[in-house]
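Welcome, and thanks for taking a look at this one. Please open the structure below and keep it in view while you read the notes that follow.

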Amino acid sequence: MVAGQISLDRTDADGLPRQLFLQIRQLIEQGRLAPGTRLPASRQLASELKVGRNTVLVAYEQLVLEGYLDADGRRGTRVSAASSGFGDGRHGAAQQEAPIPEPRLSGEARRMMAVPRRDRPGALTFLTGMPEVGAFPHDVWARLLRRAARQVASREDLLGYANYSGLPALRQAILDHVSAARGVAAEVEQVMILSSAQAAQDLVARMLLDEGDVALHEEPGYAGMSAALAGVGARTLPVMVDDETPCQDLLEGRWEAISPQLIYSSPSHQFPTGKVMALEERLALLRYAQQKDCFILEDDYDSEFHFSGAPISSLQGLDRRGLVIYMGTFSKALMPGLRVAYLVVPKRLVEPMRRCLRNIGAVPSVVVQWALKDFLQEGHLKAHVTRMTRLYRDRRDCLVDELRRAAGDWLAPTVPDGGIQLPAYFRGKAQALDDRAFISAMGEVGVEGSVMSSLYWSGQRAARAGVLLGFAASDERAIGRGVQQLVALLSKMAP
């Protein structure tokens, strides 16, 4: 019986619904609940566990959302067929008994590690990627910065060249945050603090890729990663993601002849389409990476903002082989000017990453790190994200409504479940437009945005033209004016 395999702790900070979700998920991953197994009705399980029915409903809903369960009113709630991807139950601890090979590092990474260094302990508009910085709690942040400056100034161990992987206290605070919010499973030594997501991407590419090595990169995909891969001379191949099944090539076996060293993916909220990678695809991606002995760089750039239900758990949380390098940033959750990002790396990469990061030096100010540590530990981040999620959902809805009402003949917006921007593809007469010329015209009238076609980087297929519109930094009045400006331009430029 399911209830007999579950033990809930009412004093645990995770709460009963989260505990129940995690324990049922573990039973499925370990093969103790086979595909097709029917779970007890919510009332029955609640009675057996002596908890409220809502506790069971919330856990079931999240498991359905993540693809572990299928809910059918007639057949009841059953373990999904997708969970067969966990195989014979060796996805968990038993699988870790297999020997894990040493990582293959790039020549550039080896050269950086070999450089001798002496360490001395001591111490708005539709602009994409832009949050609403006006709503940031600046007074709180200023107070924390002043306090951090005083406290750091009294610590000789913080004023020198130590802690170039990040302050241990901030690394712990970040780990606590991503473990609770994103299901990341790691130890504090695996967390590395950097000055930006771009610096993190560059570091990973330089560490793992030699010139000519194969990397898989989403298309359409983030231009910053394209730049990082081009910088190391990688042979970059596209992962098509704007179809119904983002990993169709993988699922149909068309990657079997490819041996990549790195795969870049944004599974929880793909950039720029906003798609969420299904459980079947995430598991297939992990199996493929294990088969090819390559790493996955998981970009979790704006997953804090999710507008319906809880966010999808991270790919890193499903990884049991040390394949996933998890990347996050505070540029979207707080403000880009903060200049703080982080990596959570597999244990076998900790020492190489630490030494390479030391020689790159892409680490934020100690004072900023200390203030950010307090910001997280005192609950300000969680409160801010809660407020901004409501605000961004309203602004997303406003933008979608305005586009459909006023620009529906020219633009087809995609409605994302989260994030701070959305793609609007050209339709009707607008399909004849060059979106690069259109973006240029937008800039001339003071409206921002990004070009969708520029994110199709491989040249292996025709780009889907359109504009990527940020909605987080624009209030509803500015969104309305901006859409009217888009309509005026479309009326003028569309043949």
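Which residues are buried in α10? They are Leu279, Glu281, Arg282, Leu283, Ala284, Leu285, Leu286, Tyr288, Ala289 and Lys292. Please bear in mind that this is a predicted model. The points below go through two helices, two helix pairs, the backbone exceptions and a pair of residues with partners far along the chain.

**Helix α10 and the residue after it**

- Helix α10 covers residues 279–292, and its 14 residues reach 20 Å from the first C-alpha to the last, close to the 20 Å expected at 1.5 Å a residue.
- This helix is mostly covered, with 10 of its 14 residues buried.
- Charged names appear in that buried set too, including Glu281, Arg282 and Lys292.
- Just after α10 comes Asp293, where phi turns positive at about 55°.
- Asp293 sits in the loop that links α10 to β7 (295–299).
- With a relative accessibility of 38%, Asp293 counts as partly exposed, because that class lies between the buried limit of 20% and the exposed limit of 50%.

**Helix α5 and its two sides**

- Helix α5 runs over residues 138–153; at 1.5 Å a residue its 16 residues should span 22 Å, and the end C-alpha atoms are indeed 22 Å apart.
- Trp141, Leu144, Ala148 and Val152 are the buried residues of α5.
- Looking down the axis of α5, these buried residues fall within an arc of 65°, so they line one face of the helix.
- That buried set packs against α12 (366–377) and α13 (380–406).
- Turn to the other side of α5 and you find Asp139, Arg150 and Ala153 exposed.

**Helix pairs that meet α15**

- As a reminder, two packed helices are described by the angle between their axes and the distance between the axes.
- Helix α14 (residues 435–444) packs with helix α15 (residues 476–493) at an angle of about 130°, and their axes are 11 Å apart.
- The two helices α14 and α15 are therefore oblique to each other.
- The crossing of α14 past α15 is right-handed.
- On the α14 side the contact is made by Ala437, Phe438, Ala441 and Met442, and on the α15 side by Leu486, Leu489, Leu490 and Met493.
- Helix α13 also packs with α15, at an angle of about 30° and with the axes 10 Å apart.
- An angle under 35 degrees counts as roughly parallel, and α13 and α15 are therefore roughly parallel to each other.
- Here too the crossing is right-handed, as α13 passes α15.
- From α13, the residues in this contact are Asp394, Arg395, Cys398, Leu399, Glu402, Leu403, Arg405 and Ala406.
- They meet Glu476, Ile479, Gly480, Val483, Gln484, Leu486 and Val487 of α15.
- Leu486 of α15 is named in the contact with α14 and again in the contact with α13.

**Backbone exceptions**

- Most residues other than glycine have a negative phi, and most peptide bonds are trans.
- Which peptide bond has omega near -5°? The bond from Glu219 to Pro220 does, and it is cis.
- Pro220 belongs to the loop between β4 (214–219) and α8 (223–231).
- A cis peptide bond also joins Phe271 to Pro272, with omega near 10°.
- Look for Pro272 in the loop between β6 (262–265) and α10.
- Lys50 is not a glycine, yet its phi is positive at about 60°.
- The loop between α2 (42–49) and α3 (53–65) holds Lys50, and at 67% relative accessibility Lys50 counts as exposed.

**Partners far along the chain**

- Is Tyr161 buried or exposed? At 56% relative accessibility, Tyr161 counts as exposed.
- Tyr161 lies in the loop between α5 and α6 (168–182).
- Tyr161 and Gly361 are 200 residues apart along the chain, while their C-alpha atoms are separated by 10.0 Å.
- Gln5 is placed in the segment before α1 (16–29), and with a relative accessible area of 29% Gln5 is partly exposed.
- The C-alpha atoms of Gln5 and Arg32 are separated by 9.5 Å, with their positions 27 residues apart along the chain.
- Apart from neighbours within four places in sequence, Gln5 is in contact with Gln23, Leu27 and Arg32.

Note on methods. Residues are numbered from 1 along each chain as its sequence is written. This is a predicted model: local features need pLDDT of at least 70, side-chain atom pairs count only at pLDDT 80 or more; totals for chains, interfaces and linings use all residues. Side-chain values use heavy atoms; hydrogens and water are left out. Helices (H or I, at least four residues) and strands (E, at least two) are DSSP runs, numbered from the N terminus. The expected span of a helix is 1.5 Å times one less than its number of residues. Buried means under 20% relative accessible area, exposed over 50%, partly exposed in between (1.4 Å probe, protein chains only). The arc is that of the directions from the helix axis to the C-beta atoms. Contact means heavy atoms within 4.5 Å. Axes are lines fitted to C-alpha atoms, for helices over the stretch in contact, and angles run from 0 to 180 degrees between N-to-C directions. Angles under 35 degrees count as roughly parallel, over 145 as roughly antiparallel, 65 to 115 as roughly perpendicular and the rest as oblique. A crossing is left-handed if the near helix is turned anticlockwise from the far one by less than a right angle, and right-handed if clockwise.
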